[in-house]
Amino acid sequence: MSTENRVFNKLFKGKTNLSKKIALGTLKEDIDFYIEYINEPKNKAEQIVSDFERLGGEMQRILSEIQTLVPEAKTTLELGYRYTEEVDELIERTRQSADELGIDPADIGNFTELEAIAKVDFYYFKYIEDAWWENINYYTSELKDSEDLFK
């Protein structure tokens with residue numbers, strides 16, 4: 001092999017080693033960069049998991065409370081609407097009887113008080129339904145919509 005060939009072989013051999021060192025140095029820089037780069041979202045992910053776990057516990061407590069309250073609300077609604085209807089029927093019967101007797105219904109017992117109650121009693125029970133739809137169902141629907149974020 002000529003001297004010229006040996007010189008060129010040594011030059012190129014050094015360049016090959018140098019380029020490998022440059023490539024390794026670039027990889028090391030990339031590795032260091034991504035180690036630092038991934039830490040911020042990793043820390044944020046840990047915080048989000050912690051928040052979800054905390055909120056899940058709170059939701060479990062709230063759900064348990066709602067599940068206890070719903071049967072009570074249902075019973076109260078059924079009873080309230082039934083009594084409202086019965087009160088309205090009683091008021092109508094009292095007016096008819098008073099008219100047949102030619103007296104003012106207000107002269108019969110606590111008719112005036114019952115009539116005042118009858119003007120608003122329906123709404124007390126209707127408010128239970130409104131409170132459910134506006135405060136519980138509305139927010140659970142909003143939560144259901146957020147599931148789309150994970151699809």
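This passage walks through the fold, the surface, the salt bridges and the aromatic pairs of a predicted model.

The overall picture is a simple one to hold in mind: the protein has two helices and zero strands. Helix α1 covers residues 3-101, and helix α2 covers residues 111-146. Of the 151 residues in the protein, 9% are buried. The accessible surface amounts to about 13000 Å², and carbon and sulfur atoms account for 59% of that area. Where residues at least 6 apart in sequence are in contact, 65% of those contacts join residues at least 24 apart.

A good place to look at such contacts is T94, a residue of helix α1. With a relative accessibility of 13%, T94 counts as buried, because the limit for that class is under 20%. Leaving aside residues up to four places away in sequence, T94 touches P105, I108 and F111. The T94 side chain also has a partner in the backbone: the distance to the backbone oxygen of L90 is 2.7 Å.

On the surface, a nonpolar patch is formed by I48, F52, L55, L149 and F150. Together these residues offer about 560 Å² of accessible area. One of them, L55, belongs to helix α1. The relative accessible area of L55 is 34%, so this leucine is classed as partly exposed. That value also meets the accessibility condition for joining a patch, because the condition asks for over 30%.

Turning to charged side chains, the count of salt bridges comes to nine. Three of them can be followed along helix α1, beginning with K42 and E46, whose closest N and O atoms are 3.5 Å apart. The two residues are four positions apart in helix α1, so about one helical turn separates K42 from E46. Both ends of this bridge are partly exposed: K42 has a relative accessible area of 37%, and E46 stands at 48% relative accessibility.

Further along the helix, R54 and E58 meet through their side chains in a salt bridge, with 3.1 Å from N to O. Here too the spacing is four residues within helix α1, which means a separation of about one helical turn between R54 and E58. R54 is partly exposed at a relative accessible area of 45%, and E58 is likewise partly exposed at 35%.

The third example pairs E78 with K74, and the closest N and O atoms in this salt bridge are 2.7 Å apart. E78 and K74 are four residues apart in helix α1, so they too are separated by about one helical turn. For E78, the relative accessible area is 46%, which means that the residue is partly exposed. Besides such individual bridges there is a network: D51, R54 and E58 are joined by salt bridges that share partners.

The aromatic side chains give another set of links. A pair of aromatic rings is described by the distance of the centres and the angle of the planes. A search of the whole structure finds eight aromatic pairs. In one of them, Y81 and F125 are arranged edge-to-face, with 6.3 Å from centre to centre and 70° between the planes. This pair connects distant parts of the chain, since Y81 is in helix α1 and F125 is in helix α2, 44 residues apart. Y81 is partly exposed, with a relative accessibility of 24%.

Another pair, Y123 and Y127, is tilted: the ring centres are 6.5 Å apart and the planes make an angle of 35°. Both tyrosines lie in helix α2, four residues apart, or about one turn of the helix. Their accessibility classes can be read side by side: Y123 is partly exposed at 43% relative accessibility, whereas Y127 is exposed with a relative accessible area of 51%. Y127 falls in the exposed class because the threshold is over 50%.

The residues of these two pairs also come together in a wider group. Y81, F122, Y123, F125 and Y127 form one aromatic cluster.

Conventions: Residues numbered from 1 in each chain as written. Predicted model: local features only at pLDDT ≥ 70, side-chain atom pairs only at ≥ 80, totals over all residues. Heavy atoms only, no water. Patch = residues over 30% accessible without salt bridge, like charges linked within 9 Å, V, L, I, M, F, W, Y side chains within 5 Å. Areas by Shrake-Rupley, 256 points an atom, 1.4 Å probe, with all protein chains shown as cover. Salt bridge = Lys/Arg side-chain N within 4 Å of Asp/Glu carboxyl O. Buried < 20%, exposed > 50% of the residue type's maximum accessible area, 1.4 Å probe, protein only. Contact = heavy atoms within 4.5 Å. Polar contact = N/O pair within 3.5 Å; in protein donor to acceptor, adjacent residues only side chain to side chain. Phe/Tyr/Trp six-rings, centres within 6.5 Å; stacked < 30°, edge-to-face > 60°.
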